[in-house]
Structure formats: C-alpha cells, structure tokens
Amino acid sequence: MKIVPVPVRSDNYAYLLIDEETKEAAAVDPYDVAKVRLKAEEEGVTFTTLLTTHHHPDHSGGNEEFVGDISVDGLKLAENDLSCSKAKQFPDVKVVGGSKSIPALTVTVRDGDTLKIGKSIKIKCMATPCHTQDSICYYVTDSKNPSQKGVFTGDTLFIGGCGRFFEGTAEEMHKSLSYLGTLPDDTVTWIGHEYTTSNFKFGAHVDPENEAIKRGLELSAENKVTTGKTTIADEKEFNVFMRLDSQAVKYVLLTDRTALTSSVVLIGICRNATGTSDVVAAMDKLRNMKNNF
C-alpha cells in the first residue's frame with residue numbers, strides 16, 4: 001500500500017491510495033483533477049474508485065470533472081471525437097460517499113461498510129457526523145503488510161485539532177473523535193487540511209507544558225506538509241479535543257500562567273477551562289475557544 005498526498009487549493013489535501021502490486025488506485029477528495037491525474041501518471045496507476053470524505057465543495061468539487069468529459073484548452077471533447085481514445089476522464093470509477101449530496105455519487109456507504117482496492121487494500125468506512133452529517137472517514141489496511149494502517153479523516157480530525165461543527169453538535173464530534181480513537185495506535189492520519197501550525201498554537205495555549213505539543217510545533221515548523229507524519233497515538237497525546245478529561249484541559253489557572261509562581265500552581269488555584277466537567281460541554285466550549293483564538 002502506498003499513499004501519495006496531493007496538495008490542492010491553499011491548504012487542502014487530495015490523495016492517491018495505491019495497491020502497489022496491481023497498480024490500482026483510489027483517489028480521495030480529488031478537488032484538482034489535473035493535479036491528481038498528473039500524479040497518477042507519475043505513479044503509473046489506474047483509478048477504480050473515488051472516495052469522498054464529505055459533500056463540501058473543497059472536497060467533492062472535483063468529482064464531476066473526475067468522471068466527466070475530457071477537456072482540452074477548456075473545450076470538452078465529444079464522446080465520438082476520434083482525437084481521443086476515451087471521452088471520459090475515468091469512466092469506470094466508482095464514486096463513493098456518505099450521502100446523495102456528494103456530486104456524481106454512485107455508491108452510498110454507511111458506517112462499517114467495506115471496500116477493496118486491488119488485491120490487498122481493505123477500506124473500512126467510519127461514519128463521523130458533525131462537521132457534516134455525511135462525513136465518512138476511511139480506515140485502510142494492507143493484508144500483505146499488516147503493519148501499514150492509515151485513516152483519511154477529511155474535516156473531522158486534523159493533526160492537533162478537529163473540524164468545526166457546521167452540521168452537528170459537540171456530542172457528535174466527541175463521539176466521532178472517540179470512535180477514531182479506537183483505531184490501532186499506529187494508524188497514520190491523513191488529514192483534509194493543513195491546519196497543523198494553528199492547531200498546535202492553540203494546543204500550546206491550552207496546555208503549555210505538554211511536551212508532545214511542543215514536538216508538534218517543531219514538526220509543523222520543519223515540514224510544509226505534515227499529513228502522514230503522525231498517528232492516532234500521537235493525537236491522544238497532543239490533540240486537546242481528544243483529551244477532554246485531561247488535567248490540562250479541565251483546569252486553567254485563574255490568571256495568566258506567566259504571572260504565577262510554581263508554588264501557586266502547586267496550591268492548585270485554578271478553574272475549569274470550559275466552566276464544566278462534562279466532556280460534551282467542554283468540547284463545545286473548547287471549539288468556541290479555538291474559533292476565537
């Protein structure tokens with residue numbers, strides 16, 4: 001199994017998920033079809049599947065072009081145009097997603113559904129509603145190399161952060177992140193946006209003594225592309241949205257931390273960061289804090 005990120009727009013990621021033996025591949029959120037097609041040509045792969053994480057246009061906006069007519073210099077080629085062997089970009093591709101709001105959808109998937117790419121790649125669909133109600137994360141494994149595991153998280157889970165609650169509630173996001181947290185610790189995260197630096201800056205604001213967050217800031221400073229460089233285990237250490245019951249998230253000092261001595265810290269003059277011990281309310285207020293950070 002090989003996963004190739006393709007940066008698109010200003011901060012989105014599309015991906016190629018490749019079965020290396022058969023050279024069959026899935027495209028994940030191929031917003032910029034030209035870039036994805038070029039990368040596929042470089043890798044020498046044939047697409048069989050298009051995986052859509054959710055219906056927002058910056059993720060699904062390339063679907064119709066992906067399966068539609070080929071164009072040259074902005075002009076579509078007719079199907080009977082002899083200058084081209086195929087009038088469609090990728091005519092036999094299955095377009096997979098979580099609702100009929102997905103453009104060009106041919107296969108609607110639900111939580112627990114499975115798909116296959118090539119001979120050895122298995123895809124498990126994980127419903128993670130909140131950012132949108134049709135959000136699907138795709139957990140991928142390779143039967144020939146069981147140590148390889150990954151998850152395409154769309155706009156549900158980011159490195160050190162989570163998506164906004166556009167169509168859902170704090171309770172749904174908490175459940176969705178907890179669900180992703182049940183994946184094996186060594187599962188590599190493949191995210192929908194490059195928000196890593198801002199997420200870690202917020203994480204450091206909430207939990208400034210967290211060494212994992214400090215390492216995350218170093219990671220984002222040293223890498224323009226951070227997707228694929230962290231795991232679910234890492235998220236449990238540095239993602240404040242997956243650590244709602246941690247001491248750091250629960251408690252924040254009454255005044256600015258920098259103005260307090262260690263003795264005051266030891267005395268424990270502190271308050272709940274979100275004003276509640278309930279994890280759902282904490283998730284809601286933590287997300288609001290991030291929105292205004």
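A salt bridge here is a side-chain nitrogen of Lys or Arg within 4 Å of a carboxyl oxygen of Asp or Glu. By that rule, the structure in your viewer holds 10 salt bridges. Keep in mind that this is a predicted model.

**Stop 1: the whole chain**

Start with everything shown as a cartoon. The protein has 10 helices and 17 strands. Colour its 293 residues by accessibility, and 48% of them come up as buried. Now turn to contacts between residues at least 6 apart in sequence: 59% of these join residues at least 24 apart.

**Stop 2: the largest nonpolar core**

Which residues have the most contacts inside the largest nonpolar core? Select Leu-17, Ile-123, Tyr-138, Phe-152 and Leu-177 to see them, in a core of 50 residues. Next, highlight strand β11, residues 136-142, which gives the most to this core, with five residues.

Stay with Tyr-138 and show what surrounds it. Setting aside neighbours within four places in sequence, its contacts include Leu-51, Val-96, Val-109, Ile-123 and Phe-152. Polar and small residues are on the list too, among them Thr-52, Thr-53, Lys-124, Gly-97 and Gly-150.

Another core lies apart from the one you have just visited. This one has 19 residues, and you can find it by selecting Ala-27, Phe-47, Leu-50 and Phe-66, which are among them. As a general backdrop to both cores, nonpolar side chains in soluble globular proteins tend to be buried together.

**Stop 3: helix α1**

Select residues 33-43, which form helix α1. Its buried residues are Val-33, Val-36, Ala-40 and Glu-43. Look down the helix axis: these residues fall within an arc of 90 degrees, so they line one face of α1. Turn to the face directed away from that buried side and you will meet the exposed Glu-41 and Glu-42.

What covers the buried residues of α1? Show strands β1 (2-8), β2 (12-19), β3 (24-28) and β4 (46-51) together with helix α3 (63-67), which are included in that cover. Before leaving, click on Gly-44, which follows α1 and has a positive phi, near 70 degrees.

**Stop 4: helix α6**

Move on to α6, residues 211-222. This helix has 12 residues and reaches 17 Å from its first C-alpha to its last, close to the 16 Å expected at 1.5 Å a residue. Which of its residues are buried? Select Ala-212, Ile-213, Gly-216, Leu-219 and Ser-220. Seen down the axis, the buried residues of α6 fall within an arc of 110 degrees, so they line one face of the helix. On the other side of α6, Ala-221 and Glu-222 are exposed.

Helices α5 and α7 are included in what covers the buried residues of α6. At the N-terminal end of α6, zoom in on Asn-210, which caps the helix. One of its side-chain oxygens lies 2.8 Å from the backbone nitrogen of Ala-212.

**Stop 5: a walk along the salt bridges**

While α6 is still on screen, pick Arg-215 and Glu-237. They form a salt bridge, with the closest N and O atoms 3.3 Å apart. The pair links distant parts of the chain: Arg-215 belongs to helix α6 and Glu-237 to helix α7, 22 residues apart. Both ends are partly exposed, at 49% relative accessible area for Arg-215 and 40% for Glu-237.

Next, select Arg-243 and Asp-207, whose side chains meet in a salt bridge at 3.1 Å, N to O. Arg-243 sits in the loop between α7 and α8, and Asp-207 in the loop between α5 and α6, so the pair ties together parts that are 36 residues apart in sequence. Is this pair buried or exposed? Arg-243 is buried at 16% relative accessibility, and Asp-207 is buried at 8%.

For a pair within one helix, go to α4, residues 170-180, and pick Lys-175 and Glu-171, four residues apart, about one turn of the helix. Their side chains meet in a salt bridge at 3.5 Å, N to O. In general, an α-helix has 3.6 residues a turn, so residues three or four places apart point the same way. Lys-175 is exposed at 53% relative accessibility, whereas Glu-171 is partly exposed at 39%.

Methods: Residues are numbered from 1 along each chain as its sequence is written. This is a predicted model: local features need pLDDT of at least 70, side-chain atom pairs count only at pLDDT 80 or more; totals for chains, interfaces and linings use all residues. Side-chain values use heavy atoms; hydrogens and water are left out. Helices (H or I, at least four residues) and strands (E, at least two) are DSSP runs, numbered from the N terminus. Buried means under 20% relative accessible area, exposed over 50%, partly exposed in between (1.4 Å probe, protein chains only). A nonpolar core is a set of buried Ala, Val, Leu, Ile, Met, Phe, Trp, Tyr and Cys residues joined through side-chain atoms within 4.5 Å. Contact means heavy atoms within 4.5 Å. The expected span of a helix is 1.5 Å times one less than its number of residues. The arc is that of the directions from the helix axis to the C-beta atoms. A polar contact is a pair of N or O atoms within 3.5 Å; within protein, one must be able to donate a hydrogen and the other to accept it, and residues adjacent in sequence count only if both atoms are side-chain atoms.
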